[in-house]
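Reader: I am new to this structure and would like a close look at just one part of it. Please choose a helix, show me what it packs against, and follow the trail from there.

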Amino acid sequence: MRITVPYVGHLWVALRALAARSGLEMVEPPRPSQHTVSLGVRYSPEWMCFPFKVVLGSFIEAIERGADTIVMAEGPQLCRLGYYARLHEQILHDLGYTHVRVLTFNWQEEQILGFARFLRSLLGKERSWKEIIGHLKHGLEQLVLIEDAEKRVHYLRPRARDWREVNRIWQLAGPRISAALTSQELREVRRQLLAELEAVDLDPHADPLRVGFLGEFILVIDPFFNLDLEDELGRRGVEIVRSSWIAGWAKIWLFVEMLGLSHGQEIKKAAHPYLKRDVSGEGLQTIGETVLHAQEGFHGIIHIQPFTCLPEIMAQNILPRVLRDHDIPVLEIIIDEQMAKTGLITRLEAFVDLMQRRRSREARATRPDL
Ligand code: SF4
C-alpha cells in the first residue's frame, strides 16, 4: 500500500515525519504547480470549486509517482468536501487508474478516536495504541510549531529592516521541523527556530497596517492557492492576522470545542446578528471574524474565496450588511485557474494605499496638527 494525501498547507511536515517514524509507505505529491492545475482542470467538472481541481491534479501526479491509495476526509455537514473523495475516485477510475483505492474517515462524526482507529488500520493492527497516540501527538506538536513560527513570521515581516532575512529563516522551517523525529529533537528545533526569528533586526519606526485574512480554509493557509499573498503584503508593510490554522482546527475539534471554550464561541456570538447557523466551510467564521476585527481596530479585511465556493458565496452576500454596522474596508478576492499574480498585486497595492489614506485621515481628525 503506497499512500498519498492532499497537499494542503504544512500538513506534509507532519506526514513526512509520520512516514519516517512509522515505516508507512507514503508518496508525497509534488508541491502544486501550473501543471497540477492543468491536470485538475482538464479532468474535473467545470463547476467544481478550485481546490477540488488542484487536489485532483495532485492525486494524478502522486499516482504517476507510484501511489495506489488515497486518504481523504469525508462526511455529512461538510460542504462539497463531504463528497470530494467519491467524485475523485470515480474520475480517477474513469481515467484508467482502476487500481487506486480511496480510503476515507468521517472527521465530523468520529473525530480524534475515529482518526486514531483509522491510523491504526493503516499502520497495522499489531501496533499498540500507545504507539498510535505517540504518532498523533508528535504530528500535532510539529504542526503547532510550524504554525507558531508562521505567526511570528507574519508579525516580523512588516517590521523587519529586511523582510528577506525573515523569509530566509522561514523557507527552511518546514524541512527542519519535519526532520525532528523525537520529542527531544523537536524541542531543540523549536528553541533554535524561535531564537533565530527573535534575532531578526527590526525597524523601530515600523508601524504596520493590520489586516484580517479570512475566507476558505485551503486558500487562506496555502501560499500556492493564495498566490503568496501573505508574503506580498508583509513586504509592503502589512501585518496579516488569520484564524485558520491546521493545528488550531485540529485542537479545536479535538478538545476545546467540546468544552465550549474555543475562540469559535466568540466568533459565533459575533456573527449571530447576521448569520445564525453554520453554513459549512468557513462562512460563519468569515462573518464573525469581520465583526471582531472591526471592533479590534483592524485597518482592513481580505476575504478570499474560490470561484463557486458555496459557504463563501453566502458570506460574501451577508458582508454588506455587516459593513453597514462596522466601518472597515474589505477586499474581495475570488480565485480560479485564470487568476494571474500581476493582477492580484495591483489590487493589493491599491488596497494598501486605501488603508494608509484612511489611517492618515483618521489621525488628522484626532490631531489636526499632523
Ligand atoms: S469550502 Fe468551498 S472551496 Fe472549500 S471545499 Fe467547500 S465548497 Fe469547495
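**Helix H1 and its partners**

Author: Let's start with H1, whose buried residues pack against H6 and H7. Packing here rests on contacts, that is, pairs of residues whose C-beta atoms, placed from the backbone, lie within 7 Å. Helices (H or I, at least four residues) and strands (E, at least two) are DSSP runs, numbered from the N terminus. Please keep in mind that this is a predicted model: local features need pLDDT of at least 70, side-chain atom pairs count only at pLDDT 80 or more, and totals for chains, interfaces and linings use all residues. Residues are numbered from 1 along each chain as its sequence is written.

H1 covers residues 11–22. Its twelve residues reach 17 Å from first C-alpha to last, close to the 16 Å expected at 1.5 Å a residue; the expected span is 1.5 Å times one less than the number of residues. Which residues of H1 are buried? They are Val13, Ala14, Leu15, Ala17 and Leu18. A residue is called buried if 20 or more other C-beta atoms lie within 10 Å of its own, exposed if 12 or fewer, and partly exposed in between. An α-helix has 3.6 residues a turn, so residues three or four places apart point the same way. Just after H1 comes Gly23, with a positive phi near 85 degrees.

Now to one of the partners. H6 spans residues 129–156, and its 28 residues reach 40 Å from first C-alpha to last, close to the 40 Å expected. Among its buried residues are His135, Gly139, Leu143, Ile146, Val153 and Leu156.

H6 also takes part in a meeting of domains. The protein chain is divided into domain 1 (3–125), domain 2 (134–156 + 159–205) and domain 3 (208–370), with bounds from an automatic or database domain assignment. Nine residues of domain 2 are in contact with twelve residues of domain 3. On the domain 2 side, H6 and H7 are the elements that give two or more residues, and H6 has the largest share, six residues. By class, that side has five nonpolar, two polar and two charged residues; Ala, Val, Leu, Ile, Met, Phe, Trp, Tyr, Cys and Pro count as nonpolar, Asp, Glu, Lys and Arg as charged, and the others, Gly among them, as polar. The centres of domain 2 and domain 3, taken over C-alpha atoms, are separated by 24 Å.

The other partner, H7 (163–178), leads to a loop before helix H8 (183–198), and Thr182 sits in that loop. Is Thr182 buried or exposed? Thr182 counts as exposed because it has 11 C-beta neighbours inside 10 Å. The C-alpha atoms of Thr182 and His138 are separated by 7.7 Å, with their places 44 residues apart along the chain.

Finally, a look at the wider interior. The largest nonpolar core has 84 residues, and Phe59 and Val211 have the most contacts inside it. Such a core is a set of buried Ala, Val, Leu, Ile, Met, Phe, Trp, Tyr and Cys residues joined through C-beta atoms within 7 Å. Helix H3 (residues 50–64) gives this core its largest share, nine residues. Leaving aside residues up to four places away in sequence, Phe59 touches Thr4, Ile70, His88 and Leu92.

How values were computed
Contact = placed C-beta atoms within 7 Å.
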